[in-house]
Amino acid sequence: MAPTTDSTSLADHLGALGDAALVRQVADRRPEALGELYDRFSPLLLGLTARILGSRAEAEEVLQDVFLQVWNRADRYDPSRSSVSTWLVLIARSRAIDRLRSRRVAERTVEAVERENPGGGHASPEAAENVLIRERRERVRSELAVLPAEQREVLELAFFQGLSQSEIAGRTGIPLGTVKTRSLLAMKKLRQALRPAIRELL
């Protein structure tokens with residue numbers, strides 16, 4: 001394969017690849033290939049996860065998890081067993097169901113707090129949830145501080161200003177594919193760092 005000379009020719013090359021060939025590029029740790037795979041399948045997977053969860057915001061978070069898993073496990077994809085679209089749908093469905101289970105655990109926790117603290121003078125479910133949100137936000141801030149600057153920038157804009165990836169690209173002038181890749185890699189690092197705290201909550 002002749003080397004690409006610029007981002008346009010690279011995008012054209014990736015766009016011409018079949019789905020399975022693109023997954024092989026992801027397995028070779030090519031972030032641009034992950035961005036192309038995201039562009040091809042994110043609408044399908046977002047629709048699926050949103051239907052399961054009943055929440056677009058949660059579906060978008062699950063979508064990030066799906067492509068992090070693809071980045072980490074692309075070498076395990078077997079084209080003889082399923083198409084790429086089927087493989088991704090199965091991953092997305094599993095992730096969405098896991099999120100539903102986690103949501104139910106959180107709801108039961110709030111209900112338990114409410115039962116143990118009846119009456120207006122005690123902590124309400126909303127207050128307990130606010131404490132968890134504040135603690136989580138501070139933990140995320142501390143972990144963001146140690147990320148590479150370019151990855152930290154996109155996550156801060158997403159977490160604390162509520163910008164979509166397209167809005168981040170527009171504000172910063174960074175190509176959308178680069179924003180997606182930086183976000184995915186940063187989320188991978190955050191998830192690894194925060195995993196012990198997440199297990200405590202569940």
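These legends go with a set of close-up views of a predicted model.

**View 1. The whole chain is built from helices, with zero strands.** Follow the protein chain along its sequence and you meet nine helices, in the pattern α-α-α-α-α-α-α-α-α. Of its 202 residues, 33% are buried. Take the contacts between residues at least 6 apart in sequence: 59% of them join residues at least 24 apart. On the outside, the protein chain exposes about 12000 Å², with carbon and sulfur atoms supplying 50% of that.

**View 2. Helix α3 has a bend at Phe41.** This helix covers residues 31-53, and its end C-alpha atoms sit only 28 Å apart, while a straight helix would reach 33 Å. The bend at Phe41 comes to about 55 degrees, and Pro43 follows within four residues. Just after α3 comes Gly54, which takes a positive phi of about 70 degrees.

**View 3. Tyr38 and Phe67 make a tilted aromatic pair.** A search of the whole structure turns up two aromatic pairs. In this one, the rings are 4.9 Å centre to centre, with 50 degrees between the planes. Tyr38 belongs to helix α3 and Phe67 to helix α4, so the pair ties together parts 29 residues apart in sequence. Tyr38 is buried, at a relative accessible area of 10%, and Phe67 is buried too, at 0%.

**View 4. Tyr77 and Trp87 form another tilted pair.** Their ring centres are 4.9 Å apart and their planes meet at 45 degrees, so this pair counts as tilted. Tyr77 sits in the loop between α4 and α5, while Trp87 is in helix α5, 10 residues apart. Both Tyr77 and Trp87 are buried.

Technical notes: Residues numbered from 1 in each chain as written. Predicted model: local features only at pLDDT ≥ 70, side-chain atom pairs only at ≥ 80, totals over all residues. Heavy atoms only, no water. Helix = DSSP H or I, 4+ residues; strand = E, 2+ residues; numbered from the N terminus. Buried < 20%, exposed > 50% of the residue type's maximum accessible area, 1.4 Å probe, protein only. Contact = heavy atoms within 4.5 Å. Areas by Shrake-Rupley, 256 points an atom, 1.4 Å probe, with all protein chains shown as cover. Expected span 1.5 Å × (residues − 1). Bend = angle between axes of the 7 residues up to and from the residue. Phe/Tyr/Trp six-rings, centres within 6.5 Å; stacked < 30°, edge-to-face > 60°.
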